[in-house]
Amino acid sequence: MLSNDNVRGIFWSKRSTILADIVLVIFLIFSVSLNARGQVYKDRDSVRILFIGNSLTYTNNLPLLVKEEARQIGVTVDFEMYAFPNYAIEDHWREGRVQSLIRDGNFDFVILQQGPSSQAEGRNMLIEYGKKFAELCRISRTKLCYLMVWPSLDYYRTFDGVIKNHRDAARINDAIILPVGAAWKEYFEITENFDFYGPDGFHPSQKGSAKAAEVIAEHLFSN
C-alpha cells in the first residue's frame, strides 16, 4: 500500500509532466505561428504600387527611382504608372481607366498625385475625389497615399497652403501622406538652394525627383 507521501509524489510528478506538456504545446504553437508569419513575408518577393498623376510623376521616371530606392532597403517594388500632362485626379476619375486598374491590379499602394492645390478649388478636389479613390481602395484592399508636391517657384509663397491641404486631405480620407513637398521646403530653408527645381521652375530636377523617391520609400517601407 502506498503511503500518503508516495501518493503526493506521484500526483506532483504527473502534474509536473502535464504542465511541461502544456508549456511545450504552447511553445510549438507560438513557434509555428511565428514561422508562418515569417514565411508569408519571406515568400512575398514584391510590393505592387500604382502611381496616378501627371508630369510631376513621370518626369525623371519617379516610380523607377522609388523602385531603386526601395531595393537599397531590401524591398522589391513592382509598379505601374498612369500619368499624363496636365491631368488632375478629377480627370483620371472621370476618364474611368484607373478604377479598373485599382480593382484588377492587386496593388498594395495607390499613390495619387495632384497639382499643388494650394487654393480652395484644388483643396476640394484633393478631398472630394480623394474620397472616391479611398473608398475604391478600401474595397480593393489596397492603401491610398497622397503624394504631396510643391508649388512653382513663381508661387513659392503658397507652399504652406500646399502642405496643409495635402495633409488635411490625407487625414480626412484616412490615407498615407508622402510629404515630399514638406521635405523640399525644409531643404530650401536650410540651404537656400533651389536645385530640386528643374529649368522651368516647376518640374523636378533629377536631384528633386531623387529626393522625392527617398521620401516615398522612407514613409512606405521604413516604418
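**Exercise 1.** In this predicted model, classify lysine 207 as buried, partly exposed or exposed, then describe its salt bridge.

Solution.
Step 1. Lysine 207 has a relative accessible area of 42%. Buried means under 20% and exposed means over 50%, so lysine 207 is partly exposed.
Step 2. The side chain of lysine 207 meets that of aspartate 195 in a salt bridge, at 2.9 Å from N to O.
Step 3. This pair connects distant parts of the chain: lysine 207 belongs to helix H9, while aspartate 195 sits in the loop between helix H8 (180–191) and helix H9 (206–221), twelve residues apart.
Step 4. Aspartate 195 has a relative accessibility of 26% and counts as partly exposed.

**Exercise 2.** Compare the span of H9 with the expected value and name buried residues in this helix.

Solution.
Step 1. H9 contains 16 residues.
Step 2. From the first C-alpha to the last, H9 reaches 22 Å. At 1.5 Å a residue, 22 Å is expected, and the computed span is close to that.
Step 3. The buried residues in H9 include Gly208, Ala212, Val215, Ile216, Leu220 and Phe221.

**Exercise 3.** Which partner does arginine 123 have in a salt bridge, and which residues are joined into one network?

Solution.
Step 1. Arginine 123 forms a salt bridge with aspartate 168, and the closest N and O atoms are 2.8 Å apart.
Step 2. The two partners lie in distant parts of the chain, 45 residues apart: arginine 123 is in helix H6 (residues 120–139) and aspartate 168 is in helix H7 (residues 159–172).
Step 3. With 23% relative accessibility, arginine 123 counts as partly exposed. Aspartate 168, at 11%, is buried.
Step 4. Arg123 and Asp168 belong to one network with Lys164 and Arg171, joined by salt bridges that share partners.

**Exercise 4.** How many salt bridges does the structure hold, and where in the chain are aspartate 78 and arginine 48?

Solution.
Step 1. There are eleven salt bridges in the structure.
Step 2. One of them joins aspartate 78 and arginine 48, with 2.6 Å between the closest N and O atoms.
Step 3. Aspartate 78 is in strand E2 (residues 77–83) and arginine 48 is in strand E1 (residues 47–53); the pair links distant parts of the chain, 30 residues apart.
Step 4. Arginine 48 has a relative accessible area of 19%, under the 20% cut-off, so arginine 48 is buried. Aspartate 78, at 33% relative accessibility, counts as partly exposed.

Technical notes
Residues numbered from 1 in each chain as written. Predicted model: local features only at pLDDT ≥ 70, side-chain atom pairs only at ≥ 80, totals over all residues. Heavy atoms only, no water. Salt bridge = Lys/Arg side-chain N within 4 Å of Asp/Glu carboxyl O. Helix = DSSP H or I, 4+ residues; strand = E, 2+ residues; numbered from the N terminus. Buried < 20%, exposed > 50% of the residue type's maximum accessible area, 1.4 Å probe, protein only. Expected span 1.5 Å × (residues − 1).
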